[in-house]
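Good morning, colleagues. I would ask you to look at the sequence and the model on the screen while I take you through a few of their features.

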Amino acid sequence: MWEQIRSNRIRSVVLVIGMGALLFVVGYFLGLYFFESGIGGLLIAIALWLIMTLLGYFQGDSILLATAGAKKISHDDHPRLYNIVEEMRIASGLPKTPDIYIIDDPSLNAFATGRDPNKAAVAITSGLLKQLNRDELQGVMAHEISHIKNKDVLLMAMTSVLLGTIVMLSWYGSRIMIYGGGGSRRSSSSGGAAQGIIMIVALLLMILAPIFAQLIYFAISRKREYLADASAAMYTRYPEGLASALEKLGASTSQLKSANQATAPMYIVNPFRKKGREATDLSSTHPPLSERIRILRAMGGGASFIDYDNAYKQVRNGKGSIIPASAMSLAGESAKISSRGPAVEDPGRLERTREISDLMWKLSNYKSIDCLCGTKLRVPPHFEEKTIQCPHCGRQHPV
């Protein structure tokens, strides 16, 4: 996958430079308006660009995880999930197991982030953990770990932070245009000229910001999702696991509350959809779900890059090739799909729901008290009373 990794690095550089150029133009005109000096505004824009670039590189993962409301867990919190991530880490050859986070949200989604394989994380919603069996969960984690392996995550973290800066400037620029802040300090002629400049700049920002967001989505490229699916099939030796998981993801009607336009490309499926509607195939950030599922199920008895590429051509009527030549040359012979016997350590949906519910209470620092009548009491972290009464049997319990 060196060809894809190199391509992602080039995209990262191009996008950072492109966003920097936009910031410079904006800074120059805002400098004319506020300081009557385009150079002063340009210097501020350069400083902002450098700060946001460094912030995106060193802290982009932390910002994205905080934005998503993700909470870090340990092995003892969810051993099954931790073991699956460790299995896929070994299969992929990553030097370190990614940190694992859970997002308390009923929607079905997951993402990976981090600037390199040694500082990476995977995050999954509580809703998805409740829905997926072990094979499906393994497929999703393999998909996300492949993004780390291919260094897609650095590109996504950098662009998300920088795109957020552009959107923020668009918002403030429009407010400056509306309320005309600072214009009253100038003479009528210079103030009128400056007001005209800021109006043009603000209008351009408001028009370009959403367009720029779409360009970011296309620059990140749908191709990375196909490559991640192919890698997941190879790591798990069981394409059906990911295919079945994608079906459940597509059938979900819940929209992820914490997602925004800047972070949408990170997720395994597009987090945006019309209220009460299933995920659609029409998405600028991701390939059609139905096509991804058909490709995985067309792999026959193989699970290698060659098998995926052949299935891709079959589904798309022989058009194109999705796997880079460098990866194809290292793929070797077709890898056989592993047989699946009875699932080991794979609780049913009801048990998974209880398991995740208990975990989310714990991560929210609620204390659990088991009453003799069988009731489980949840005590919030800031509960001030010394005892609590069971609502069913009336017993008092010390807190």
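Let me begin with a definition: a disulfide is counted here when a pair of cysteine sulfur atoms lies within 2.5 Å. Please also keep in mind that this is a predicted model.

How many disulfides does a search of the whole structure find? The search returns 0. Two cysteines illustrate the point. For Cys 373, the nearest cysteine sulfur belongs to Cys 371 and is 3.6 Å away. That distance does not meet the 2.5 Å cut-off, and Cys 373 is in no disulfide. Cys 393 is likewise in no disulfide, and its nearest cysteine sulfur, again that of Cys 371, is 3.4 Å away. As for their surroundings, Cys 373 has a relative accessibility of 36% and therefore counts as partly exposed. Cys 393, at 35%, is also partly exposed.

I turn now to the aromatic residues. The whole structure contains 4 aromatic pairs, and I shall present two of them. In the pair of Tyr 57 and Phe 58, the ring centres are 4.9 Å apart and the planes meet at 85 degrees, so the arrangement is edge-to-face. Tyr 57 is partly exposed because its relative accessibility is 33%, and Phe 58 is partly exposed at 42%. Trp 361 and Tyr 366 also form an edge-to-face pair, with 4.7 Å from centre to centre and 65 degrees between the planes. Here too both partners are partly exposed: Trp 361 has a relative accessible area of 31%, and Tyr 366 one of 30%.

Next, the surface. Which residues make the nonpolar surface patch of about 600 Å²? They are Val 25, Tyr 28, Phe 29, Ile 39, Leu 43, Ile 46 and Leu 50. Two elements each give two or more residues to this patch, namely α1 (2–35) and α2 (38–68). The largest share, 4 residues, comes from α2. Leu 50 is located in helix α2, and its relative accessibility of 43% is why Leu 50 counts as partly exposed.

Finally, I would draw your attention to helix α3, residues 79–92. With 14 residues at 1.5 Å a residue, α3 should span 20 Å, and its end C-alpha atoms are indeed 20 Å apart, so expectation and model agree. The buried residues in α3 are Arg 80, Leu 81, Ile 84, Val 85, Met 88, Arg 89 and Ser 92. After α3 comes Gly 93, which has a positive phi, near 85 degrees.

Thank you for your attention.

How values were computed
Residues numbered from 1 in each chain as written. Predicted model: local features only at pLDDT ≥ 70, side-chain atom pairs only at ≥ 80, totals over all residues. Heavy atoms only, no water. Expected span 1.5 Å × (residues − 1). Buried < 20%, exposed > 50% of the residue type's maximum accessible area, 1.4 Å probe, protein only. Patch = residues over 30% accessible without salt bridge, like charges linked within 9 Å, V, L, I, M, F, W, Y side chains within 5 Å. Areas by Shrake-Rupley, 256 points an atom, 1.4 Å probe, with all protein chains shown as cover. Salt bridge = Lys/Arg side-chain N within 4 Å of Asp/Glu carboxyl O. Phe/Tyr/Trp six-rings, centres within 6.5 Å; stacked < 30°, edge-to-face > 60°.
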